[in-house]
Each structure stands twice: as C-alpha cells, then as structure tokens.
Amino acid sequence: MENDIAIEVKNLTKSYKLYDKPLDRLKDSLGLARKKRFKEHLALNDVSLSVHKGETVGIIGTNGSGKSTILKIITGVLTPTSGEVKVEGHISALLELGAGFNMEYNGIDNIYLNGMMIGFSEEEITRRLDSILEFADIGDYVYQPCKTYSSGMFVRLAFAVAINIDPEILIVDEALSVGDVFFQAKCYHKFEEFKKQGKTILFVSHDLSSISKYCDRAVLLNQGVLLGEGTPKEMIDIYKQVLVGQYPLPSSDVKNLLDDDEIREAAAKADDKAKAKIKQEEKKPDKKAQGANPDTLEYGDGAATIDEFYVTDEKGVRSTSIIKGTDFTVHMRVKFNRDVAAPIFAFTFKNIMGIEITGTNSMVEKAFLEPVKAGDVKNISFTQNMSLQGGEYLISFGVTGFEQNNFTVYHRLYDALNITVVSDKNTVGYYDMNSTCKVED
C-alpha cells in the first residue's frame with residue numbers, strides 16, 4: 001500500500017443469496033437442498049478504487065447501486081465475498097441511523113459505548129465529552145433512553161461522537177439528510193475544517209450540490225458496477241444520464257449482471273441509442289458560436305435536436321457577458337424529428353464547480369403545453385433579470401417530455417454555453433437579494 005493511500009479497494013465483490021421462501025433458506029443452510037433454491041444478487045461486482053490521504057471523495061449512484069455496501073465493507077461491518085480492502089489510518093464512521101446504539105441506554109452511556117467500540121479509553125472519551133455534547137446540542141435528552149429519541153436526535157449524537165474523536169478518516173453514509181438545516185450547516189462547516197486539516201473524508205450522498213461543493217473526486221456506482229471516477233462535475237453529468245436510462249453499461253459488466261434474454265434486450269437498446277447518436281452528430285449545433293463549449297456533453301433519444309442556442313442582453317444583442325441587475329434572454333431553437341405529444345423546454349445555470357444554481361422550463365412557466373409534428377421548428381426564449389453574483393457560469397439546455405408516464409430526454413446539451421456576469425457589487429452566496437438598507441437614528 002502506497003504511503004499516500006488511505007483506503008484501497010481491490011476487486012471487491014459482495015453477493016447475496018435471495019430466497020423465495022424461508023423454508024428454502026433453511027434447507028440450503030442445512031445442506032438439504034437438492035437443487036439451487038436461490039438467486040444470486042451482486043451488490044458489488046469487481047469494484048476497485050483508491051482514496052488518497054487528505055482527499056474528500058463522494059460516492060453517488062441510484063438506490064441499490066452498492067454505495068452503502070462498499071462503506072460497510074470498508075468499515076468492517078460486512079465481509080466481502082471476494083476481493084480485499086486496506087485502510088491506513090483511524091476510521092470514524094457514521095453509517096445507518098442509530099447503528100451501534102443500545103436503545104435502553106441513555107445518550108451519555110451510548111457516547112462511552114461508541115467511543116470504546118472505536119478503540120478509545122474511558123479517560124479519552126471523558127476528555128472529549130463536553131465537545132460531543134456541545135456539538136450534538138440535544139439538551140437534557142442526553143440523559144434519557146435512546147429509544148425515546150427522534151431520528152434527528154440520533155443523527156446529532158452519532159455525528160457528534162464520530163467527528164469529535166479526532167479520526168484520520170471520516171466515513172459518512174447519507175446520515176446528514178436527517179438533521180435539520182441548521183445542523184446540516186454545522187456538519188458541513190466541520191467538513192471544511194477536516195479538509196483544511198488534511199483529513200480523509202468518504203461519504204455517500206444524493207445531494208449532488210454537496211458532492212460538487214465538498215468533494216475533490218467522485219465515484220459513480222450503478223447496479224454494483226463502478227461506472228467511473230473523476231471530477232464531481234464529470235461524474236454528476238454521467239449520473240444524470242444513468243437516471244434517464246441513457247448511459248449504457250459496459251458489455252462485460254452487463255453480462256455479469258443480466259441473463260441471456262436481458263443481454264439481447266440491452267444490446268438492442270444500445271444499438272438504437274448508437275443510431276440516434278449518429279443522427280445527432282449530423283445535426284450538432286454550431287460549436288463555433290460565441291461562448292459555445294466545444295466539449296459539450298449531449299445525449300437524447302433523437303426525437304428533437306437543439307440546433308441553436310445563445311443569450312441576448314437587455315438591448316437584444318447577442319452576448320456572453322451580462323451586467324448584473326439587467327434583463328437578459330436565453331434563446332434556443334429546436335427542430336423535431338418525430339411527433340411529440342408535449343415537449344418541455346428547459347435551461348439551467350451552473351457555476352464552474354458544477355453546482356446547479358437556478359433554472360426553469362416551459363412547463364413550470366406554463367408557456368407551452370401543445371403537441372408538435374415531425375419537421376416542426378420552435379424558437380424558445382426565457383427572459384429574466386440577472387441577479388447572480390459576478391463570475392463565470394455555464395448554461396445547459398434540454399428538451400424532454402413524458403411518454404406513457406415515463407420521463408424521456410429528447411436532447412440535452414450540458415454546459416453548452418459560457419456566460420460571464422459582470423458586477424461591481426457582490427453580496428454573500430450565489431445571488432443578490434437586492435436588499436434596501438436603511439440606518440436611522
């Protein structure tokens with residue numbers, strides 16, 4: 001294990017036996033089953049990754065993709081079916097809500113219980129007790145049995161213990177979403193402190209803004225397979241394709257996860273997507289347009305093509321620089337390649353870290369709820385006042401809809417256009433509330 005590696009996972013596989021009936025499980029455990037009575041489920045399939053010391057790494061993926069499983073194996077809660085995990089440094093983990101708590105004990109007792117399970121002596125925990133109680137901030141409830149706690153109290157106390165024992169590696173599994181907004185802000189402030197101290201953080205979250213803001217790197221899992229790892233922005237963009245079923249799994253991984261009929265079906269879908277992509281390549285928007293990103297990420301099923309997009313300032317002039325406080329308009333032209341019952345046109349603003357700041361669509365604005373025919377061309381415009389802080393932003397465009405109640409992406413262009421907001425007054429946060437301040441005697 002290299003000196004700068006905190007966590008190293010090699011060829012990790014975790015499989016479970018799924019039984020239709022409890023009797024089948026009993027027969028199998030006793031060796032009485034004459035035939036296979038279970039289905040094998042791969043929660044993790046040959047996953048390898050490394051986390052460097054001082055890194056903050058986020059793991060993202062849909063439900064059931066193996067995110068929690070890999071954290072439990074790293075922390076020793078679960079044992080892998082095959083593969084190995086090496087950890088260099090003292091780990092503190094916050095996994096399932098209330099894990100490691102005795103419901104009959106009060107909060108103080110559970111602080112000592114958890115601390116000792118991690119490896120601290122009673123004296124060491126006593127020295128940290130005031131800091132833990134201050135961070136948890138649950139008042140006199142700390143002297144009550146934990147079975148009387150709300151879910152918010154659980155996570156407050158568990159997180160307070162986890163971060164106040166001075167770990168070298170902090171592992172958190174989605175637990176922060178349970179606390180209120182003030183507690184979440186306190187936790188993320190602690191994340192910032194840990195990052196500045198050079199500690200290693202590994203956490204799972206469905207909050208993509210948090211992944212973008214706090215992580216140096218992101219790992220994307222899907223159905224137990226590692227789809228990729230890279231910058232948060234890159235992985236979030238791929239994740240969004242996965243969510244709408246437009247990111248095909250590598251064929252080798254598909255074969256490990258699907259049966260023969262499903263393989264043929266997946267191959268047919270991949271072939272259709274490839275044909276649609278070729279058609280889109282022929283109709284790509286002009287990448288030489290001012291401010292256009294030559295490496296725009298685009299995908300869709302080919303029902304529509306965004307063949308032009310641009311921004312105009314308050315005078316109606318095309319521009320990539322907008323003065324804060326002035327009106328501006330986002331434009332897109334869409335050609336339809338087949339009939340669509342009710343297309344939805346959308347745009348979003350991201351900052352350069354990949355965090356979505358704002359956006360809207362024609363359905364939200366109740367601007368267009370009509371069917372279109374193949375060959376139709378629509379010119380869409382969104383006009384608003386620029387309230388974002390001065391800086392660089394990326395605009396994404398999309399045409400989507402619902403077909404048989406299924407959300408469908410016809411064409412998306414991620415980070416297609418760069419816009420500079422020019423400002424002589426930047427307030428705190430992402431946008432300006434345009435406050436009026438008075439100071440009177």
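Okay, let's start with a hairpin. Strand S8 (residues 217–222) and strand S9 (residues 225–230) run antiparallel, joined by 5 bridges. When I say two strands pair, I mean DSSP finds at least two bridges between them. Helices and strands here are DSSP runs, H or I of at least four residues for helices and E of at least two for strands, numbered from the N terminus. One bridge to look at: Leu220 has Gly228 in S9 as its partner. There are 2 residues between the strands of this hairpin, and Gln223 in the turn has a positive phi of about 50 degrees.

Before going on, the fine print. This is a predicted model, where local features need pLDDT of at least 70 and side-chain atom pairs count only at pLDDT 80 or more, while totals for chains, interfaces and linings use all residues. Residues are numbered from 1 along each chain as its sequence is written, and side-chain values use heavy atoms, with hydrogens and water left out.

Now the overall numbers. The protein chain has 10 helices and 18 strands. Of its 441 residues, 45% are buried. Buried means under 20% relative accessible area, exposed is over 50%, and partly exposed is in between, using a 1.4 Å probe and protein chains only. Take the contacts between residues at least 6 apart in sequence: 71% of them join residues at least 24 apart. A contact is heavy atoms within 4.5 Å.

On to the N-terminal end. Which strands make up the open sheet here, and in what order? There are 3, in the order S2-S1-S4, with antiparallel pairing. S2 and S4 stand at the edges with a single partner strand each, so one side of each has no neighbour in the sheet. From one strand to the next, the twist averages 20 degrees.

Let me go through the pairs. Strand S1 (residues 5–19) and strand S2 (residues 38–52) share 11 bridges, antiparallel. If you want to check the register, Ile5 is bridged to His52 in S2, and Glu8 has Ser50 in S2 as its partner. Over on the other pairing, S1 and strand S4 (residues 82–87) are antiparallel too, with 5 bridges, and Val9 bridges to Val85 in S4.

Helices sit against this sheet. H1 lies across S1 and S2, at about 110 degrees to S1. Helix H2 (residues 67–74) packs on the sheet as well, touching S1, S2 and S4, and its direction makes about 120 degrees with that of S1. For these angles, axes are lines fitted to C-alpha atoms, for helices over the stretch in contact, and the angles run from 0 to 180 degrees between N-to-C directions.

One residue from H1: Arg25, in residues 22–29. Buried or exposed? Arg25 is partly exposed, because its relative accessible area is 48%. Skipping residues up to four places away in sequence, Arg25 touches Lys17 and Tyr19. Arg25 and Arg37 are 12 residues apart in sequence, and their C-alpha atoms are 7.9 Å apart.

Next, a helix pair. Helix H3 (residues 107–118) and helix H4 (residues 122–136) pack at about 125 degrees, with axes 10 Å apart. H3 and H4 are therefore oblique to each other; the scheme is under 35 degrees for roughly parallel, over 145 for roughly antiparallel, 65 to 115 for roughly perpendicular, and oblique for the rest. Who meets whom? From H3 we have Ile108, Ile111, Tyr112, Gly115 and Met116, and from H4 Glu122, Ile125, Thr126, Leu129, Ile132 and Leu133.

Stay with Ile132 in H4 for a second. Ile132 counts as buried because its relative accessibility is 1%. Leaving aside neighbours within four places in sequence, Ile132 contacts Ile111, Ala160, Val161 and Asn164. Ile132 and Ile163 are 31 residues apart in sequence but 8.4 Å apart in space, C-alpha to C-alpha.

Last stop: Lys240, in helix H8 (residues 232–243). At 13% relative accessibility, this lysine counts as buried. Again leaving out residues up to four places away in sequence, Lys240 touches Leu208, Tyr299, Lys350, Glu356, Arg412 and Tyr414.
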